[in-house]
Amino acid sequence: MINEQREFWSKVADNYDCVVDLQIGGQTRRMVQERLDREAALGSTVEFGCGSGFYTETLADKADRLMATDLSPGMLDLARSRVGAANVTFQPEDCQRTSFPDGSFDAAFRGLVIHFTEPGKALKEMHRILRPGGTLIIANLDLPALQGLDRLRCLARILYQGLVGYRTKPPKGLGRNMLSEKQLCKLLREFGFDVSSSEAVKDSSRSSNIPIEYVKARKL
Ligand SMILES: C[S@@+](CC[C@H](N)C(=O)[O-])C[C@H]1O[C@@H](n2cnc3c(N)ncnc32)[C@H](O)[C@@H]1O
């Protein structure tokens, strides 16, 4: 699955920004970016699944130094070409099993990534690479928060815009591990984090736009 994902994301990298905004709501990622921009200093920071680098400049502003990582070389190339901040280093990493020593970072950010991984494995790794008291910020797509027709419309739009925009078949089961806010917070506690806040972010131009939770947790 990891190899298929690596290939898929590299293939679709150039179209990603356009497609994802059509899938989840045109303002959704910008609203998350605005929230991120209100963070105080984050210290030494790592970003997982940086994709095209949409959040990378904002994070770099808050970080002393930022390690921006992704599974896909195609995405990393794109992010590298777009991000000009001098305190950023790019590196390929699988966020479920990274090359970083224990306690390497003060803060970690993962935007729209956890549902593409085994969440427990990824959170265990976040706990390992953060220093005690370190901050984990997760932007989590919460499909379970939508009910009935809104949920069906949302799923149909994600599938349709993905197929039309990427023109390539996604790996089987891609994105199947979506978590509700309750499930995510429970898992965070199980893996040794204290959840400090959880805020819902939603582009309200359509009732079927998928909400994102901006969840902040602290490594105990
Ligand atoms: C939906 S995109 C999110 C990109 C960016 N964070 C954003 O919000 O626009 C998901 C990204 O996660 C990356 N990804 C998927 N599985 C990963 C893994 N196991 N480790 C690191 N990155 C992964 C993909 O390559 C892709 O760039």
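Here are three short exercises, with worked solutions, on a predicted model.

**Exercise 1. The sheet**

Find the order of the strands in the open sheet, and explain why β3 and β6 each have one side without a neighbour in the sheet.

*Solution.*
- Step 1: Walk across the seven strands, and you meet them in the order β3-β2-β1-β4-β5-β7-β6, with mixed pairing.
- Step 2: Look at the edges, where β3 (88-92) and β6 (193-201) stand. Each has a single partner strand, so one side of each is left without a neighbour in the sheet.
- Step 3: Now follow the twist, which averages 15 degrees from one strand to the next.

**Exercise 2. A strand pair and two helices**

Work out how β1 and β2 run relative to each other, parallel or antiparallel, and which strands helix α3 and helix α8 touch.

*Solution.*
- Step 1: β1 (residues 43-48) and β2 (residues 63-70) run parallel and are joined by six bridges. To see one partnership, start at serine 44 and find arginine 65 in β2.
- Step 2: Helix α3 (residues 28-37) packs on the sheet and touches β4, β5, β6 and β7, with its direction at about 30 degrees to that of β7.
- Step 3: Helix α8 (residues 181-190) also packs on the sheet; it touches β5, β6 and β7, and its direction makes about 160 degrees with that of β6.

**Exercise 3. Histidine 127**

Decide whether histidine 127 is buried, partly exposed or exposed, and list its contacts beyond four places in sequence.

*Solution.*
- Step 1: Locate histidine 127 in helix α6 (residues 119-129).
- Step 2: Its relative accessibility is 23%. Buried means under 20% and exposed over 50%, so histidine 127 counts as partly exposed.
- Step 3: Leaving aside neighbours within four places in sequence, histidine 127 contacts Phe191, Gly192, Phe193, Lys219 and Leu220.

Technical notes
Residues numbered from 1 in each chain as written. Predicted model: local features only at pLDDT ≥ 70, side-chain atom pairs only at ≥ 80, totals over all residues. Heavy atoms only, no water. Pairing = 2+ DSSP bridges. Helix = DSSP H or I, 4+ residues; strand = E, 2+ residues; numbered from the N terminus. Axes fitted to C-alpha atoms, helices over the stretch in contact; angles between N-to-C directions. Contact = heavy atoms within 4.5 Å. Buried < 20%, exposed > 50% of the residue type's maximum accessible area, 1.4 Å probe, protein only.
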